[in-house]
Amino acid sequence: MAAIIKHRLFWPAVILVVLLVTNVFFSGSFFKVEFRDGHLYGSVIDILRASAPLGLVALGMTLVIATGGIDLSVGAVVAIAGALACLRISGLDDQNSVTGVLLAVGLALLLSLALGVWNGFLVATVGIQPIIATLILMVAGRGLAQLITDGQIITINSSPYKMIGAGYWLGLPLCVIIAVGVAVVAGLIVRRSALGLLLESVGGNAEASRLAGIKSRWLILIVYVFAGLCAGIAGLMISSNVSSADGNNAGLLIELDAILAVVIGGTSLAGGRFSIAGTILGAVIIKTLDITIYTVGIPPEVTLLFKAVVVVVLCLAQAPKFREKFQRRRPSAPATQAPQQKVEVTA
Amino acid sequence: MSTTFESLQKRVIRRPQQRHIPVLATLALLCVMYGAGVVRYTGFSDTQIVLNVFIDNGFLLVVGVGMTFVILTGGIDLSVGAVVALTTMIFASLVRAGWSPIAVLPVVLLVGALIGLAMGSIIHFFDIQPFIATLAGMFLARGLCYVISTEAIRIDNALWTSLADYKIRFGGFHISWSVVIALVVVLVGAYVLAYTRLGRNIYAIGGNQQSALLMGLPVGRTKIAVYTISGVCSALGGVLLTFYTSSGYGLHALGMELDAIAAVVIGGTVLTGGSGFLFGTVLGVLVLGLIQTIITFEGTLSSWWTKIVIGALLFAFIVLQRAVARRTS
Amino acid sequence: MGTALLSMSGISKQFPGVKALEGVDFRLYQGEIHALMGENGAGKSTLIKVLTGVYDIDEGEIALDGRPVRFAGPQQATEAGISTVYQEVNLCTNLSVAENIFIGREPTKFGRIQWGVMRRRATDLLQRLELDLDVTAQLSTYSLAVQQLVAIARAIDVDAKILVLDEPTSSLDAGEVAQLFRIMRQLKAQGIAIVFVSHFLDQIYEICDRMTILRNGRLVGEHLVADISQLQLVSLMIGKELALLERLEDAGKRSFDAAPAVAQAHDLGRSGAVEPFNLTIHQGEVVGLAGLLGSGRTELARLFFGADKADTGHLEIDGKPVTMHGPRAAMNHDIAYCSENRKTEGLVEELSVRENIILALQAARGWTRPLPRRRQDELVQKYIDALNINPKDPELPVRNLSGGNQQKVLLARWLITEPRLLILDEPTRGIDIGAKAEIQRLVVELSDGGMAVLFISAELEEVLRLSHRIGVLRDRRLVTQLENTDAVDLDRLTETIASGT
């Protein structure tokens, strides 16, 4: 029992359950999933669909944060990828041409990769602090997205493109399949190879890792490129879902939600140990929260307020200092924490 | 005799210290930008153009002062834009409810201070990263805006309109009250940083928080203080914004935290803390303002170029800081 | 001696899973220099942190000048007259020297800091310590040793009744230590009580009047320094007759001229770090590096490993010239480097013992070729047993281990890469005496097995005991190399370091 409570995903899981139960309380048919026209319908499916882009962005963010970095530019990349894809598709003679759409998608993802390379280059080669390095693209990227769309909202009418964000495959939303697929592949690569260990090592202590012979430059480049790619895919999903690209507003503040999802998932912003499953859980919690606010009947105006409260509660629940104060009242099992850790003050 | 002269010379014409280089670079950039503007566009040389930059960016300057305090400790405050918006909202709604603007003023400043105080306390007492704590503050403040109203509220108050429109004239030029207020805030801020214990503690914490703690400095109090100061500055910035927009709206100052951070960084303050000057932030705000002015003068350039140019400048300054840091170590 | 200035009685302090202090008494009198002795993990640092208000206590009483006190933080302790200088310089290097001395109590007038007064007072204070510094310069422009002295200047400027010096000498050279001792005597004469912690026994015997000895969080003795021999002291500290003191059989006197050279440095150098030097290390040979801190010992070793890039000369491995592009290149040539600083340059504290041990091997294989888990477990278990790493659980985060065991983990990391040249930079610093003896024995075994070892230590006895040949460094220059024959002893070596010949 104690082991379960100690598990890093215990509290996030509890919160998710509480949110889901709250939903059932207000809407009896919450867990009802229907099969209609070869598709699954239901609130739970809606949550999953909404979580897909956020989950992807947060997935890329997890690895970046594991190396002790952060990527603030993902929101801008989301906008840029969507903008470029829609621009290309809007220029097609036949917007329903599969090859044309695939080309546009490929191009958008290539650009996302390139933007990831830029971030990775600044962090790994030039040696700029990640929060600053990615701030550059965060600021300039929105301008680039608007440059691509020429400040307009590009609307398209392409059924193949629509598939990415709103389509179904085997009865399941395609975007969920894509997101889960990417997460599973990433998880396998990271944990079956030594990549995960090396990333955690670099994030835990960069200089020690260098002296242990780890060439962190490539690893760091890889994670930023991956974050860019994930953001690019998410950008396609978001723009596909609404069949339009808005350079100004697409993916606005998604970087903050993504970071939040990572933190909720138990990965420390300081780097080191990370949990992909935790991040996905975090993304689902955030989106469930959105839906919960809706079903409970809280006016949408208060959504942000509610979110602020949840952020605070979650972060406090995970903060060692808070737990310590909370646990001191009960004789707890000996924690595996070194004494000297207590005086250390996080910067 | 010659030695005295040499030592005097050394004193006066000392080579710029490493930590001054970024600020000097910003100053140089500002001069080049201004010079280019004067050469390229007719009417650019009018001093009023420079004053207009101040008039249009007074609120950003005030917010930037708070942000500089926070960044000097090595922290960050993402909530400033939201607090600015909340201030305009509370201001507008209370004025609509019949309050005098003068009576509202302390209320909004108090709200800003309280939000900052709360964030600072969470950061200090529970070791939550500033990034996350102020993110929550941002959600909270924006959320409160929508609780008050989802619509924009006009500020219809004779006193306020006259204050907002009042032009302080001198020698054919004019500035607004917001410029005066902003400059006073800058001067007070610079004094606090250079000549008070609070200011020096801020630098110390930014340099090495662990050391500051062991040297017996009031680390917690100082950290809470900077977020409170930033909250007050944001609230004051919001008040100045109402001069400018005459309305309260939950979508005001969207993304302003980025502008403020950009101004601070372009002004030569290091994001990891411990090094930088308030004067640099003034220059940083001027650079941002001048970019907008130039783009307006250019006419054919679209507004999104502002963001791209700011991004490019951020890049240039960050690389410069990096080079300076390398040479120092 | 009258009543104690400070008396702590029955102090207990518990951390999750660890009882750091158990019923410890500690007394301090005016005008004495009091050594606090104990192995790592004995509770010294905890006791100091209790005294300086960093930790609160679970049980016990503290009385200052006969009045019970309880500090909520370092600030209150400072206000009560207890100043501390820690081993790692705890100053803000981004501020000026003057500010570092006065920050927190700057001279003010109506809340305004008087910079002029502050600069003058700082200059005066430093002059009293015979330090000639530009007080307006940023502290980062000065060396670590100078920064340490500035920290002491800061500590004594407060009207301190008690000055706590926690291993202040570990980064000072002999001259600076002498300077520090002079200042300590001066302060003692003024009636200040000094708590002094040092790993160097000679320093304790030179400067201290009394000592308190801790072991495993308990008090084991309070003695006048004059009343207790070094051997007795060490026995009290480790609680058993000392394995270390039985001399390892002299491994020297072997000739390595015939043995193949593993690594040869030809005019290898790096400006600002170490001047160009020539040094050959043969198979099975232990080359010791002796010299004061800052003499270029670490810098020299880092060039062999490619941790820093050399800007002159070149390195030959097995007689073939190579360029060291970085640690990875060195590892490809079977060179391993245990850095001086376990915490910042060695271990990834968050990761487990197992992960730390396999890290270098895994790095060499690249991330695409993971070491199979079975093989990991075998290797890790083997070295946990061989090096006697405690506790034996390989999945424990390495931060939970004591200093000595952490050092062994670091050694294990490099031993599993089966290096031919092992560079050990201060492998025994700050670890308990038992672990120290084990590591020394290991070095002998490894060299007997044919491994070349470059061994750095601040303790000359240790260098003498283990090395076949000793390179002496002075002022960032390799001044001479001595064969470790009977003719070479501590005095000779000390003289060489001092004179450079």
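**Exercise 1. Determine how much surface chain C exposes and which share of it comes from carbon and sulfur atoms.**

Solution. Chain C exposes about 20,200 Å², an accessible area from the Shrake-Rupley method with a 1.4 Å probe, where for residues only the protein chains shown count as cover. Carbon and sulfur atoms supply 47% of the exposed area of chain C.

The model is predicted: local features need pLDDT of at least 70, side-chain atom pairs count only at pLDDT 80 or more, and totals for chains, interfaces and linings use all residues. Residues are numbered from 1 along each chain as its sequence is written, chains are lettered from A and ligands numbered from 1 in the order in which they are written, and side-chain values use heavy atoms, with hydrogens and water left out.

**Exercise 2. Describe the fold content, the dimensions and the charges of chain C.**

Solution. Step 1: secondary structure. Chain C contains 17 helices and 22 strands; helices (H or I, at least four residues) and strands (E, at least two) are DSSP runs, numbered from the N terminus.

Step 2: dimensions. The C-alpha trace of chain C spans about 70 × 50 × 50 Å along its principal axes. Its radius of gyration is 24 Å, which agrees with the value near 23 Å for a compact globule of 501 residues. The radius of gyration is taken over C-alpha atoms, and the globule rule is 2.2 Å times the number of residues to the power 0.38.

Step 3: burial and contacts. Of the 501 residues in chain C, 57% are buried, where buried means under 20% relative accessible area, exposed over 50%, and partly exposed in between (1.4 Å probe, protein chains only). Among contacts in chain C with a separation of 6 or more, 67% join residues 24 or more positions apart; contact means heavy atoms within 4.5 Å.

Step 4: charges. Chain C carries 55 positive and 68 negative charges, whose mean positions are 4 Å apart. Lys and Arg count as positive and Asp and Glu as negative, while His and the chain ends are not counted; the place of a charge is NZ of Lys, CZ of Arg, CG of Asp or CD of Glu.

**Exercise 3. Locate C:Thr3 and state whether this residue is buried or exposed.**

Solution. C:Thr3 lies in the segment before strand 1 (6–15) of chain C. With a relative accessible area of 75%, C:Thr3 is exposed. C:Gly66 is 63 residues away along the chain, and the C-alpha atoms of C:Thr3 and C:Gly66 are separated by 8.0 Å.

**Exercise 4. Characterise chain B and its interface with chain C.**

Solution. Step 1: the chain. Chain B has 14 helices and four strands. Its radius of gyration is 21 Å, close to the 20 Å from the globule rule for 329 residues, so chain B is as compact as a globular protein of that length. Buried residues account for 56% of chain B. The accessible surface of chain B is about 13,300 Å², with 67% belonging to carbon and sulfur atoms. Its 19 positive and 11 negative side chains have centres 14 Å apart.

Step 2: the interface. In chain B, 22 residues are in contact with 23 residues of chain C. The two chains bury about 2,000 Å² between them, 54% of it on carbon and sulfur atoms; buried area is the accessible area (1.4 Å probe) that two parts lose on being put together, summed over both. B:Arg197, B:Leu214 and B:Met215 supply 33% of the area that chain B buries against chain C, more than any other three residues.

**Exercise 5. Identify the element that holds B:Phe126 and the contacts of this residue.**

Solution. B:Phe126 lies in helix 5 (residues 101–126) of chain B. Leaving aside neighbours within four places in sequence, B:Phe126 is in contact with A:Leu316, A:Ala319, A:Lys321, A:Phe322 and B:Ser121. B:Met67 is 59 residues from B:Phe126 in sequence and 22 Å away, C-alpha to C-alpha.

**Exercise 6. Summarise chain A and explain why helix 12 is described as largely enclosed.**

Solution. Step 1: the chain. Chain A has 15 helices and six strands. The radius of gyration of chain A is 21 Å, close to the 20 Å that the globule rule gives for 347 residues, so chain A is as compact as a globular protein of that length. Of these 347 residues, 56% count as buried.

Step 2: the helix. In helix 12 (residues 254–264) of chain A, 11 of the 11 residues are buried, so the helix is largely enclosed by the rest of the structure. Its buried residues include A:Glu255 and A:Asp257. A:Gly266, with a positive phi near 95°, follows helix 12.
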